[in-house]
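These are my notebook entries on one structure. I set down in turn what I looked up and what I found.

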Amino acid sequence: MKNLEQFESRHEGALLAYLRTTLLNAIRGEIRRVGRAGVVESLPKDSGMVGAETPLPRPDSDQWLDYENALAKLPEIKREAVLLRLEFGMSYAEIASALDRPSEAAASMMVSRALVDLARHLE
């Protein structure tokens, strides 16, 4: 977040992608810190968190890293299309607007092609 004032928004979804990257970098740093220290902390049962008694499912770290690495190999526009669709759950109409595409069909095609490229990088 230190560089937020230097951020230049090129389109509607750019800030979300920037914030997501910032958050993921912070999470990675915390994972590395905990890995080095070997410390595991848990929420107290009376924390008020819904489902605090049940551990949250965690994605396999190797799969998550593979996904992140493959995502990083995509051109920025394709990466943003994937993020907006898969992680932010935006509709094709919203993606078309955010990424300045002429139609929902164009946004759908861009997301589809980006997912094919992502799959290639995951192989």
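The entries go from the overall fold to single residues.

**Entry 1: Fold and confidence**

I began with the kind of model, which is a predicted one. I then asked how many helices and strands the protein chain has. I found five helices and zero strands, and the order from the N terminus on reads α-α-α-α-α.

I next looked up the confidence. The average pLDDT of the protein chain is 74, and 63% of the residues reach a score of at least 70. Which elements mark the two ends of the confidence range? Helix α1 (residues 14–37) has the lowest mean pLDDT of the elements, 67, while helix α5 (residues 104–122) has the highest, 91. I also noted residues 47–57, where the pLDDT is below 50. Beyond near neighbours in sequence, I found three contacts for this stretch in the model. Where pLDDT is low, the predicted coordinates should not be read in detail, and I therefore took no detail from such places.

**Entry 2: Surface and contacts of the chain**

I looked up burial for the 123 residues of the protein chain, and 22% count as buried. The exposed area is about 9,000 Å², of which carbon and sulfur atoms supply 55%. Taking the contacts between residues at least 6 apart in sequence, I noted that 52% join residues at least 24 apart.

**Entry 3: Nonpolar cores**

Which residues form the largest nonpolar core? I listed 10 residues: A81, L84, M90, I95, A96, A98, L99, A107, M110 and V111. Helices α3 (76–87), α4 and α5 each supply at least two residues of this core. A second core, separate from this one, has nine residues, among them A17, A70, L74 and L83. In soluble globular proteins, nonpolar side chains tend to be buried together.

**Entry 4: A98**

I then turned to one member of the largest core, A98. I placed A98 in helix α4 (residues 92–98). Is A98 buried or exposed? With a relative accessible area of 1%, A98 is buried. Leaving aside residues up to four places away in sequence, I found that A98 touches H11, E12, G13, L84 and M90. I also looked up A81, which is 17 residues from A98 along the chain; the C-alpha atoms of the two are separated by 9.2 Å.

**Entry 5: V111, R85 and Y92**

I checked V111 next, again setting aside residues up to four places away in sequence, and found that V111 touches A81, R85, Y92 and I95. Two of these contact partners, R85 and Y92, also meet in another way: R85 lies over the face of Y92, at 4.0 Å from the ring centre. I searched the whole structure for aromatic pairs and found zero.

**Entry 6: E80**

I located E80 in helix α3. Is E80 buried or exposed? I recorded E80 as buried because its relative accessibility is 4%, and the limit for buried is under 20%. Beyond residues up to four places away in sequence, E80 touches H11, A14, A17 and L99.

**Entry 7: D100**

Last, I looked up D100, in the loop between α4 and α5. Its relative accessible area of 66% makes D100 exposed. I noted a positive phi of about 55 degrees for D100, although D100 is not a glycine. Most residues other than glycine have a negative phi.

Terms used. Residues numbered from 1 in each chain as written. Predicted model: local features only at pLDDT ≥ 70, side-chain atom pairs only at ≥ 80, totals over all residues. Heavy atoms only, no water. Helix = DSSP H or I, 4+ residues; strand = E, 2+ residues; numbered from the N terminus. Buried < 20%, exposed > 50% of the residue type's maximum accessible area, 1.4 Å probe, protein only. Contact = heavy atoms within 4.5 Å. Areas by Shrake-Rupley, 256 points an atom, 1.4 Å probe, with all protein chains shown as cover. pLDDT = per-residue confidence, 0-100. Phe/Tyr/Trp six-rings, centres within 6.5 Å; stacked < 30°, edge-to-face > 60°. Lys NZ or Arg CZ within 6 Å of the ring centre and 35° of its normal. Core = buried A, V, L, I, M, F, W, Y, C linked by side-chain atoms within 4.5 Å.
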